[in-house]
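The following exchange asks on what grounds certain terms are applied to a structure. Each answer sets a value against the criterion that it has to meet.

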Amino acid sequence: MADQNKTGGAENFYNEILSPCELFAARSRSHKIPARGQKDFYPDDSEEQRQRLQQSLDEHWNLIAEERVERLGNLVKATWVPSDQIVELQTPAGKFWQTMGFSAEVKQYLLPEEALYLMECGNLLVFHQDLPLSIQDGYEMFLSSDAMSLQQYQVFGHLKRLGYVVHRFDPSSEPSSYVRQLNLPQSRERGGRQLKRKRSPSPTPTCSHTKTPGESLAEKMEDDDKLPESHLMTSAEPPEPQTASPHSAAKGQARTWWMMDAPELEADKRSSPGSPSGRLRWNFSTIPFPDLGSTSRPRCMVPVDTSLLPRDVTVGVCDLDSWMRKINLRKVKMSVKEQQREKHRRRWDVNKDREVQRCRNWAEYHELLARRQAKRQGRPAHLWNREVKPLHDPTQPISTAELLEKISVVKSTNLLEGASRLKCSEEWRICFNVYQPDSVADFKKSNPGKPYSRMCVCSFDGPVPDLRVIKQLAFQSGNVPIVYAVVDYGDISFYTFKDFQLPRDVYA
Amino acid sequence: MEAPPCSQVEELQQEQEHGSSLVVGLSLCDSAPLLWRFQDLKTVRSNSLVGALLGSLPRTPRQNIRLGRPLLLMPEEERVLREHHGAAALSAWNQDAAGAAELRQRYEEEQQRSLEEQSILALEDRKLALLRAMTSSSGSESGAGSDEALQCRLLALEQNFSFPRSALAVQLSTARAGLSHCQEACAFLEADRPIREQDSPRRDARYQVFRDLWGRGFFLTSAGKFGGDFLVYPGDPLRFHAHFIAVCLTLDESICMLDVLSVARLGSNVKKTVLLCSPAPDGSVHYTSLQWSGMM
């Protein structure tokens, strides 16, 4: 029949076609591969080395030159449909149908890379224009840079030969981040494993506390309620009516109604805090405020000065008893020390304090009290009242772990942080879903379940994936790890990037 | 039918028997140069170009340790071939309708012939098996009687024998059977072939180093996994280990110390010497080897 290199004539028909005799004899071929021996270190032109080399080469050429021979009945026949870039089966599919191919209408189809792999395994015979395709034809027709490139097919073939189930990755079939957030039971998931969506990091708690105003208020109450109201009456200067902030001008006005007539307000703005600002409407020294709580109280009240009352209002005698019943009149039991302290405090006049005198209004007085409080507590104003505050108040308890968190300059992050905002890159995309070999027995194409990993194919000639690409692809993949298959001519290396937490020598 | 995406249209020239002349048929797949024909692989190897096998091995397709055809060439290997006028493009899939019809007819005829021949062979095989079975069972007994019985059996076998088409052994060819044309066509190749990659200084440096080392008789393969450009073998990789990892740099390129350290570390871990190679303007190549030594 046809042999190698029939020379002569205008037409040379070069092929490696076997004669029917050879085809028939192929039944009894061995299926074993000879094992490779030890390699030598250096060529020394010895006969022994030359012989070993020749033997290795001969073995090598025998294996390489061997052609695939199959029984026609064992082969599945198919045709190549170039318009759809798909292979349509003409005879029923074999065992490979469990993990490869798809049906549409009544027919069975294979993707080009699946068909090419089956051709290489000797299971499939693909026809085009009624002629059988060689493996070379398959490579040249099925592989192109748009659908499935040669490098991607190399990775595909490598994994398939190891037994993995490899499918093309379809980004649209992946649940969106919103769906994942909802944590819906995935219909495609096997085993019903819920996706745990990592919560976005909560904003770091601000360490500055603003408890001083409230505290100062409470303290002020504590300070003041022991003092009889008469002390308040005799403040040396009336506090400055106007406060600095414009929005409390109305409040300021409201507070000063007892002081002066409204038209006088203008003049007061300009007056200094030290001097008395305008006439006092009332003389507070002549208006007694009854102190019903003190021990030396009168059982009756001084009648009201009618000049102070509005017209047409009369006031009867006040029944004190009902009011007295509402007051807690129990005497406070104090130790000697406390009694001494109490006496000391009653003697001390807060109005004699210079700093207090400098306060023009209640707001300033509150501030003074807050400052004093802070100083007492070890929170000096020059540290705590500025924009740059200490990270932590040393008097407050804190665990070592939290303290380390506070002082850390570089905060650790996880791979998916900020990944949802990234747009898809043009050059990098996930190519394949890979499922493990031992799942082949109960593998269902309609419901494959969660892949073992996802492949992204690149080469050593090209760029290394940067953080942006890694984040974006990891986000797109969800909870399935991504493996980067790097192709270097004949070799394929697999790399994966894993999240890693730096160990901290702290037990929180 | 639309054009296949990647093959060439030019034809190749007659192949010569001796391995010393380098003419091989290249075919492009997704713009990568592949060799398909067994003779081409042998030729290329005999000229100390290794390449990389990509396909499944026909004998045992489901393993990755030993692969089969096609052979992928590195850009440097392809360039060396072309500069020595050794590469030509293989014929494409025949798109011509008339030619296709002729091929179809030829294929049908061949299949039929094959069926007939194999049928005969199968029958012979069965007869032999029957003979062996009968003579062994009958033992030393021989005579006209047993002969007759034998003849009867053989006749019956022949009459009842059928060789169905499904039993036909067919070949799934690796390389495409093609027509080769005469020598003038080869000259077209150099002009027609598009330049796939832009020539960067790095690429050029790589090629200069490759050519120099290859010219000295070394075998070179790709060394991406070893952090270098080439693995340099003193002899055929089937029999020898690589001695060097060649890292190609241009003469004026500055290299970071960390890179030097990392490649030196790698080299010492895999027991290979690292070679820093730079082509000089006069055509020679400067080599610097890195050796990890202690304080002496």
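**Grounds for the terms**

Chain A has an accessible surface of about 33500 Å², and carbon and sulfur atoms hold 54% of it. The model is predicted.

Q: How much of chain A is buried, and what makes a residue count as such?
A: Of the 508 residues in chain A, 33% are buried. The term applies to a residue with under 20% relative accessible area. Chain A has 17 helices and 13 strands. Among its contacts with a separation of 6 or more, 59% are between residues 24 or more positions apart.

Q: What are the corresponding values for chain B?
A: Chain B has 296 residues, and 50% of them are buried. Its secondary structure consists of seven helices and 12 strands. Of the contacts in chain B between residues at least 6 apart in sequence, 62% join residues at least 24 apart. Chain B exposes about 15200 Å², with 53% supplied by carbon and sulfur atoms.

Q: Why is the pair Glu364(A) and Arg360(A) called a salt bridge?
A: The N to O distance between the two side chains is 2.6 Å. The limit is 4 Å between a side-chain nitrogen of Lys or Arg and a carboxyl oxygen of Asp or Glu, so the pair qualifies. Side chains of opposite charge can pair when their charged atoms come close.

Q: Why is Arg360(A) called partly exposed?
A: Its relative accessible area is 33%. Partly exposed covers the range between the 20% and 50% limits, and Arg360(A) therefore belongs to that class.

Q: How do you know that Arg37(B) and Asp40(B) form a salt bridge, and are the two residues buried or exposed?
A: The closest N and O atoms of Arg37(B) and Asp40(B) are 2.9 Å apart. This distance is within 4 Å, so the pair is a salt bridge. Arg37(B) has a relative accessible area of 6%, and Asp40(B) has 0%. Both values are under 20%, and therefore both residues count as buried.

Q: What makes Asp236(B) and Arg45(B) a salt bridge, and which parts of chain B does the pair tie together?
A: The closest N and O atoms of Asp236(B) and Arg45(B) are 2.5 Å apart, which satisfies the limit of 4 Å. Asp236(B) lies in the loop between β9 (230-233) and β10 (244-248) of chain B, and Arg45(B) lies in helix α1 (residues 38-46) of chain B, so the pair ties together parts 191 residues apart in sequence. Both residues are buried.

Q: Which residues of chain B are linked in a network of salt bridges?
A: The network links Glu76(B), Arg203(B), Arg206(B) and Asp229(B). Over all chains, the structure holds 26 salt bridges.

Q: What makes Leu404(A) eligible for a nonpolar surface patch?
A: Leu404(A) has a relative accessibility of 33% and counts as partly exposed. A patch residue must have over 30%, so Leu404(A) passes that cut-off. Leu404(A) is found in helix α16 (residues 400-407) of chain A. Together with Leu391(A), Leu403(A) and Ile407(A), Leu404(A) makes a patch of about 320 Å².

Q: How do you know that chain A and chain B are in contact?
A: In the model, 86 residues of chain A are in contact with 88 residues of chain B, the criterion being heavy atoms within 4.5 Å. The two chains bury about 8700 Å² between them, with 58% on carbon and sulfur atoms. Five salt bridges are counted between chain A and chain B. One of the pairs is Glu67(A) and Arg69(B), with an N to O distance of 2.8 Å, so the limit of 4 Å is met. The predictor gives the complex an ipTM of 0.85 and a pTM of 0.70.

Q: What is the pLDDT of chain A, and where is it below 50?
A: Chain A averages 75, and 74% of the residues score at least 70. Over residues 1-13 of chain A the pLDDT is below 50, although this stretch has 26 contacts beyond near neighbours in sequence. Residues 260-277 of chain A also stay under 50, with 21 contacts beyond four places in sequence. Where pLDDT is low, the predicted coordinates should not be read in detail.

Notes: Residues numbered from 1 in each chain as written. Chains lettered and ligands numbered in written order. Predicted model: local features only at pLDDT ≥ 70, side-chain atom pairs only at ≥ 80, totals over all residues. Heavy atoms only, no water. Buried < 20%, exposed > 50% of the residue type's maximum accessible area, 1.4 Å probe, protein only. Helix = DSSP H or I, 4+ residues; strand = E, 2+ residues; numbered from the N terminus. Patch = residues over 30% accessible without salt bridge, like charges linked within 9 Å, V, L, I, M, F, W, Y side chains within 5 Å. Areas by Shrake-Rupley, 256 points an atom, 1.4 Å probe, with all protein chains shown as cover. pLDDT = per-residue confidence, 0-100. Buried area = accessible area lost by both parts, 1.4 Å probe.
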